[in-house]
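Trainee: I'd like to go through this model with you. Could we start with the overall layout and then turn to the ligand?

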Amino acid sequence: MDNCIFCRIIAGEIPSMRVYEDDCCIAMLDINPAGPGHTLILPKQHFQDITAVDDATVGHLFSVARKIGMRAEFRLNADGFNIVQNNGAAAGQTVPHFHIHVIPRFSEGPDMVSWTPTEPADGVLQAVLEKLTAEEDA
Ligand code: AMP
Ligand code: ZN
């Protein structure tokens, strides 16, 4: 896609700091990292988000994400890492080319994506469960 910044990075038109590359994907440092070692894994083929990607590519990219996270633990002395993946503007996706974030975590930070746990009223969990497990219309 001509106007996709990540496609242009993959094509070499825009510079990137690549930590890994294979036939299917690249991993590069995020230009505005949450913290040291924040890395993005993206397929070389353009897909808007995870709903458009074939299972084999999803599996391969998550496998690469795991390796990058483990490398951050060994090489950067990270204490752990988060794998974050946003789909759609409402979910915080700003670049519409599927990608996975690997964010190394250290005892001193960075602050992490978080949510406030809620206590659903009676029946709310059951109602959601029924929607998520309902048979599709014939
Ligand atoms: P998301 O909000 O999940 O779509 O994440 C997009 C990420 O891409 C953000 O964390 C940006 O900092 C990062 N980003 C945008 N442009 C570049 C670039 N040219 N090189 C590296 N990372 C980038
Ligand atoms: Zn693209």
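What follows is a short question-and-answer session on this predicted model.

Trainee: In what order do the elements of the protein run from the N terminus on?
Mentor: Start with the inventory: the protein has three helices and five strands. The C-alpha atoms fill a box of roughly 50 × 40 × 25 Å along the principal axes. Walking from the N terminus, you read the elements as α-β-β-β-α-β-β-α.

Trainee: Where does ligand 1 sit?
Mentor: Look at the pocket with a volume of about 520 Å³, the largest one. Lining it are 28 residues, and Leu29, Asp30, Ile31, Asn32 and Leu40 are the closest to its centre. As for ligand 1, it sits in that largest pocket.

Trainee: Which element gives the most to the lining of the largest pocket?
Mentor: The candidates that each supply at least two lining residues are α1, β2 and β5 (100–105). With three residues, the top contributor is α1.

Trainee: And which element supplies the largest share of the shell around ligand 1?
Mentor: Here α1 (5–10) and β2 (25–29) each bring at least two residues. The largest share is three residues, and it comes from α1.

Trainee: How many residues of the shell around ligand 1 are charged?
Mentor: Take the pocket lining as background: it has 16 nonpolar and 11 polar residues, plus one charged. The shell itself has 16 residues, with Asp30, Asn86, Gly92, Thr94 and His101 coming nearest to ligand 1. Eight of the shell residues are nonpolar and seven are polar, and the number of charged ones is one.

Trainee: Which residue has a polar side-chain atom 2.5 Å from an oxygen atom of ligand 1?
Mentor: Let's go through the polar contacts, taking N or O pairs within 3.5 Å. Val95 uses a polar backbone atom, 3.0 Å from a ligand oxygen, so set that one aside because you asked about a side chain. His99 does use a polar side-chain atom, but that one lies 2.9 Å from an oxygen of ligand 1. The side chain at 2.5 Å belongs to Asp30.

Trainee: How much of the accessible area of ligand 1 does the protein cover?
Mentor: On its own, ligand 1 has 510 Å² of accessible area. Of that, the share covered by the protein is 85%.

Methods
Residues are numbered from 1 along each chain as its sequence is written. Chains are lettered from A and ligands numbered from 1 in the order in which they are written. This is a predicted model: local features need pLDDT of at least 70, side-chain atom pairs count only at pLDDT 80 or more; totals for chains, interfaces and linings use all residues. Side-chain values use heavy atoms; hydrogens and water are left out. A residue is near a molecule or strand if one of its heavy atoms lies within 4 Å of it. A polar contact is a pair of N or O atoms within 3.5 Å; within protein, one must be able to donate a hydrogen and the other to accept it, and residues adjacent in sequence count only if both atoms are side-chain atoms. Accessible areas come from the Shrake-Rupley method with a 1.4 Å probe; for residues, only the protein chains shown count as cover. On a 1 Å grid over the protein atoms alone, a cavity is a set of points where a 1.4 Å probe fits but cannot get out, and a pocket is an open set with protein on both sides within 12 Å along at least five of seven lines; lining residues have an atom within 4 Å of a point. A molecule sits in a cavity or pocket if more than half of its atoms lie within 2 Å of its grid points. Helices (H or I, at least four residues) and strands (E, at least two) are DSSP runs, numbered from the N terminus. Ala, Val, Leu, Ile, Met, Phe, Trp, Tyr, Cys and Pro count as nonpolar, Asp, Glu, Lys and Arg as charged, and the others, Gly among them, as polar. Grid points are joined across faces, edges and corners, and a volume is the space filled by probe spheres set on the points.
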